[in-house]
Amino acid sequence: MNMQLKIIGTIESDIKDYRTAPKMEDEPGAVRARVHLDPAYAVGLDAMEPGAKLELFTWFHKADRSVLKVHPRGDVTQPQRGVFTTRSPFRPNPIGLHRVTLVAIENETTLVIEPLEAIDGTPVIDIKSAPNPT
């Protein structure tokens, strides 16, 4: 099977180092950030409005893809667990899922979002409208 991901944009964030980044978007240290969307995908933003709840999918490009067990949340006092039972960025396919709110759209292809815990330069692979809570 041949699979191919397309990078549709890149994160601009004040967070520069994955080692000090928050683990989740709802933790202290998460920031307002920007997604610079490739202009080829601008039409995909049609009908997107500030205030929208989004799911942003990223590729953790600095992650170690060979890791299969981790200490949960990096806490070495806890026993290691399989990566599929954690939110660790270190995994065979390091896909990040971030639940964010759209603050604004600038210049037709720049999304201002918050809160985000991804580091500067992180590739974006997809954006989806978040499901409405029921």
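In this predicted model, the side chains of E106 and R34 come together in a salt bridge, with a nitrogen-to-oxygen distance of 3.0 Å. The two partners are 72 residues apart along the chain: E106 belongs to strand β6, which covers residues 95-106, while R34 sits in strand β2. The pair therefore ties together distant parts of the chain. How accessible are its members? E106 is partly exposed, with a relative accessible area of 28%, and R34 is likewise partly exposed, at 28%.

Strand β2 offers another arginine to look at. R32 meets E114 in a salt bridge, side chain to side chain, at 2.9 Å from N to O. Here 82 residues separate the partners, with E114 in strand β7 (residues 110-116) and R32 in strand β2 (residues 31-37). E114 has a relative accessible area of 30%, so it counts as partly exposed. R32, at 47%, is also classed as partly exposed, because that class runs up to 50%.

Now follow strand β6 to R99, whose side chain forms a salt bridge with that of E55 (3.7 Å, N to O). This pair, too, links distant parts of the chain: E55 lies in strand β3, residues 53-59, and R99 in strand β6, 44 residues apart. Is E55 buried or exposed? E55 is buried, with a relative accessible area of 13%, whereas R99 is partly exposed at 43%. The two ends of this bridge fall into separate classes because the limit for buried is 20%. Altogether, the model has 4 salt bridges, among them the pairs E106 with R34, E114 with R32 and E55 with R99.

Strand β6 also holds H98, a good place to finish the walk. H98 has a relative accessible area of 0%, so it is buried. Which side chains does H98 reach with polar contacts? One polar contact joins the side chains of H98 and T58 at 2.7 Å. Another runs from the side chain of H98 to that of E117, at 2.9 Å.

The surroundings of H98 bring some earlier names back into view. Setting aside neighbours within four places in sequence, H98 is in contact with E25, L54, E55, L56, T58, F60, L116, E117 and A118. E55 in that list is the buried glutamate that forms the salt bridge with R99. T58 and E117 also appear there, and their side chains are the ones in polar contact with the side chain of H98.

Key
Residues are numbered from 1 along each chain as its sequence is written. This is a predicted model: local features need pLDDT of at least 70, side-chain atom pairs count only at pLDDT 80 or more; totals for chains, interfaces and linings use all residues. Side-chain values use heavy atoms; hydrogens and water are left out. Helices (H or I, at least four residues) and strands (E, at least two) are DSSP runs, numbered from the N terminus. Buried means under 20% relative accessible area, exposed over 50%, partly exposed in between (1.4 Å probe, protein chains only). A polar contact is a pair of N or O atoms within 3.5 Å; within protein, one must be able to donate a hydrogen and the other to accept it, and residues adjacent in sequence count only if both atoms are side-chain atoms. Contact means heavy atoms within 4.5 Å.
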